[in-house]
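Colleague: Could you take me through the sheet in this model, strand by strand, and then show me what packs around it? I'm at the bench most days, so please spell out your cut-offs as you go.

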Amino acid sequence: MDINEGEKRASEHADFMKLALEEARKAYDMGEVPVGAVIVRDGEIVGRGHNLTHTVKDPTAHAEIIALRDAARTLGGWRLPGCTMYVTTEPCSMCAGAIVLSRMPRLFIGTMDPKAGACGSVYNIVADSRLNHRVETETGLLAEECGQLMKEFFRSLRKKKQ
């Protein structure tokens, strides 16, 4: 791959993470923890989601799970070969497990979650050799923007409580 091709791919990855950030902002505007995810195959978005746990009163309504369900509907099956997920915050153990089960080959993470992350922080489910599938993972894509949105959300939450 030549340098221009590498730059084009990096730009493409950043563009998809920006779309995940748009999803996260939707969650933020609804009072949900601002996590957003998009799933891409062959350069096309096949699934998207943002946190809705409080809105729909469902502990599984995380951005990643909603995006996985959307992609499965779009593609007509639960296995998601050839897909890449872009998610603004490191997935929890439930979401990391679902990503592994989907057989998705690639995951891009914006900011890490040192308290509950399961893709390298607290656990590393997506890379666990004891499981039947591992997910190639890259972290830090638009980390500043992703982390800032999360900080703003929790700062505003603390102000409301005062």
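Modeller: Let's start at one pairing: β4 and β5 run parallel, and four bridges join them. Strands here are DSSP runs of E with at least two residues, helices are runs of H or I with at least four, and both are numbered from the N terminus. Two strands pair if DSSP finds at least two bridges between them. Before going on, note that this is a predicted model, where local features need pLDDT of at least 70 and side-chain atom pairs count only at pLDDT 80 or more, while totals for chains, interfaces and linings use all residues. Residues are numbered from 1 along each chain as its sequence is written, and side-chain values use heavy atoms, with hydrogens and water left out.

Within the β4 and β5 pairing, Arg 106 stands opposite Glu 136 in β5. Now step back to the whole sheet. Five strands form an open sheet with mixed pairing, in the order β2-β1-β3-β4-β5. β2 and β5 (136-139) stand at the edges with a single partner strand each, so one side of each has no neighbour in the sheet. From one strand to the next, the twist averages 15°; axes are lines fitted to C-alpha atoms, for helices over the stretch in contact, and angles run from 0 to 180 degrees between N-to-C directions.

Over at the β2 edge, the pairing is antiparallel: six bridges join β1 to β2 (residues 44-50). Val 40 stands opposite Ile 45 in β2. The hairpin of these strands has two residues between them, and Asp 42 takes a positive phi near 55° there.

Now for the packing. A nonpolar core is a set of buried Ala, Val, Leu, Ile, Met, Phe, Trp, Tyr and Cys residues joined through side-chain atoms within 4.5 Å. Buried means under 20% relative accessible area, exposed means over 50%, and partly exposed is in between (1.4 Å probe, protein chains only). The largest core has 27 residues, and those with the most contacts inside it are Ile 39, Leu 68, Met 85, Met 104 and Leu 107. At least two of its residues come from each of β1 (36-41), α3 (63-75), β3, α4 (93-101) and β4. The largest share, five residues, is supplied by α3. A second, separate core has 14 residues, including Met 17, Val 38, Val 40 and Cys 146. In soluble globular proteins, nonpolar side chains tend to be buried together.

Zoom in on Ile 39 and you can see how these parts meet. Contact means heavy atoms within 4.5 Å. Outside its neighbours within four places in sequence, Ile 39 touches residues that include Ile 45, Leu 68, Ala 71, Met 85 and Met 104.

Two helices deserve a look next. In α4, Cys 95, Ala 96, Gly 97, Ile 99 and Val 100 are buried, and the buried residues of α4 pack against α3, β3 and β4. Arg 103 follows α4 and has a positive phi, near 65°. As for α5, this helix lies across β3 and β4, running at about 60° to β4. Glu 152 sits in α5 and counts as partly exposed, at 34% relative accessibility.

Aromatic rings join some of these elements too. Rings of Phe, Tyr and Trp (its six-membered ring) pair if their centres lie within 6.5 Å; planes under 30 degrees apart count as stacked, over 60 as edge-to-face and the rest as tilted. By this rule there are four aromatic pairs. Tyr 28 and Phe 153 make an edge-to-face pair, 5.7 Å centre to centre with 70° between the planes. Tyr 28 is in helix α1 (residues 3-29) and Phe 153 in helix α5 (residues 143-161), so this pair links distant parts of the chain, 125 residues apart. Phe 153 counts as buried because its relative accessibility is 6%. Inside the sheet, Tyr 86 and Phe 108 are stacked, 5.0 Å centre to centre with 5° between the planes. This pair runs from strand β3 (residues 83-89) to strand β4 (residues 106-111), 22 residues apart. Both Tyr 86 and Phe 108 are buried, and with Phe 16 they form one aromatic cluster.
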